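Please open the model in your viewer and keep the sequence panel visible beside it. The tour below moves from one selection to the next and says what to look for at each stop.

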Amino acid sequence: AQRASASTVANAKLLQLAVKRCSRRLLVAFPAGATGIDGAARDTFVRDQLPALYNELWDLALDADKTSLDCVVLLEPVASFLERGSAAGADAVEVVWSAGPTISSCTPDAELQMAKADLRVESLGDELQEELFGVSYVLYDNINERLPQFAKVAVGGTFDHFHNGHKKLLSITAAVTTQEIVCGITGASMLKDKKFGDRIETIEERKESVLLFLNSVASPSLNLNLVTIDDPWGPTVVDDDIEAIVVSTEVLKGARLINEERARRGFKPLQVVAVARSNAYTLSSTFVRRRQQAAM
């Protein structure tokens, strides 16, 4: 797989798709020109990015229940690695997945297949486009952009077994809101397919956790409106005063669908603030419920 997109969000999604498709060994490479990552760039990468990348790959493997998946981050172009043959395990490579030409510049197919004639080269660009690029958004942790400010902001989730991921999402919501937060909390009708669903807290317990946290971190001047939602849209498609929505990057597609429904109803689109998800496996309510189940 090639971690090739300039967008950190697309990078993360590309890795997630690759981990799901790979059964034995996943090689992560960078199309950084003929010589790969060299000199000072190599030193910086090894110090600053390589550890985080291996952590991310492990987390994705856990989430996909693939703890035996062998993930290797290469410091050379894919074609160069393939030419090294069996000593490096390159002869066993069956397919190269890329972000696709519409999202990033990748190693040309012809170059790869000269290095290994029976290699398949497949683009995951269409899936990345569908998941990530049907909606414009502000990534909250982009230090080159100031956090926008909106009078009325929506955020939603199950908020079961309230954890640090929820706190991150709600803290960003509070930081971009000047008047009112509309927080949708999923009702029972939307939780039927959740893993270990019998261990999900009641709607009253989940609302109490959200309200306690928001009262701790949000400005006292903010109006906090907690509502139960029984469909994927909640109040976002009936309240034209809502200006923005805060979502995690894994559900950007949902933000796009909300804006499509708002357009059908004659509402202006919501501005989207995206919060990058981290520690996808352990920082989740499913993980907490799974541990509870195992402890029985």
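Select glutamine 149 in this predicted model: its relative accessibility is 46%, so it counts as partly exposed, since the partly exposed class runs between 20% and 50%. Glutamine 149 sits in the loop between β5 (138-139) and β6.

Next, display what surrounds that residue, leaving aside neighbours within four places in sequence: glutamine 149 is then in contact with Ala175, Val176 and Thr178. With the side chain shown, you can follow glutamine 149 to the backbone oxygen of alanine 175, which its side chain reaches at 2.9 Å. A C-alpha to C-alpha distance drawn from glutamine 149 to valine 176 comes to 4.6 Å, although the two are 27 residues apart in sequence.

Valine 176 leads on to helix α6 (164-176), where the residues to colour as buried are His166, Leu169, Leu170, Ile172, Thr173, Ala174 and Val176. How far apart are the end C-alpha atoms of α6? They are 19 Å apart, which agrees with the 18 Å that its 13 residues should span at 1.5 Å a residue.

Finally, select phenylalanine 162, in the loop between β6 (150-157) and α6, together with phenylalanine 213 in helix α7 (residues 203-217), a pair that links distant parts of the chain, 51 residues apart. The count of aromatic pairs comes to 1, and in it the rings of phenylalanine 162 and phenylalanine 213 are tilted, at 5.6 Å centre to centre with 50° between the planes. Phenylalanine 213 has 13% relative accessibility and therefore counts as buried.

How values were computed:
Residues are numbered from 1 along each chain as its sequence is written. This is a predicted model: local features need pLDDT of at least 70, side-chain atom pairs count only at pLDDT 80 or more; totals for chains, interfaces and linings use all residues. Side-chain values use heavy atoms; hydrogens and water are left out. Rings of Phe, Tyr and Trp (its six-membered ring) pair if their centres lie within 6.5 Å; planes under 30 degrees apart count as stacked, over 60 as edge-to-face and the rest as tilted. Helices (H or I, at least four residues) and strands (E, at least two) are DSSP runs, numbered from the N terminus. Buried means under 20% relative accessible area, exposed over 50%, partly exposed in between (1.4 Å probe, protein chains only). The expected span of a helix is 1.5 Å times one less than its number of residues. Contact means heavy atoms within 4.5 Å. A polar contact is a pair of N or O atoms within 3.5 Å; within protein, one must be able to donate a hydrogen and the other to accept it, and residues adjacent in sequence count only if both atoms are side-chain atoms.
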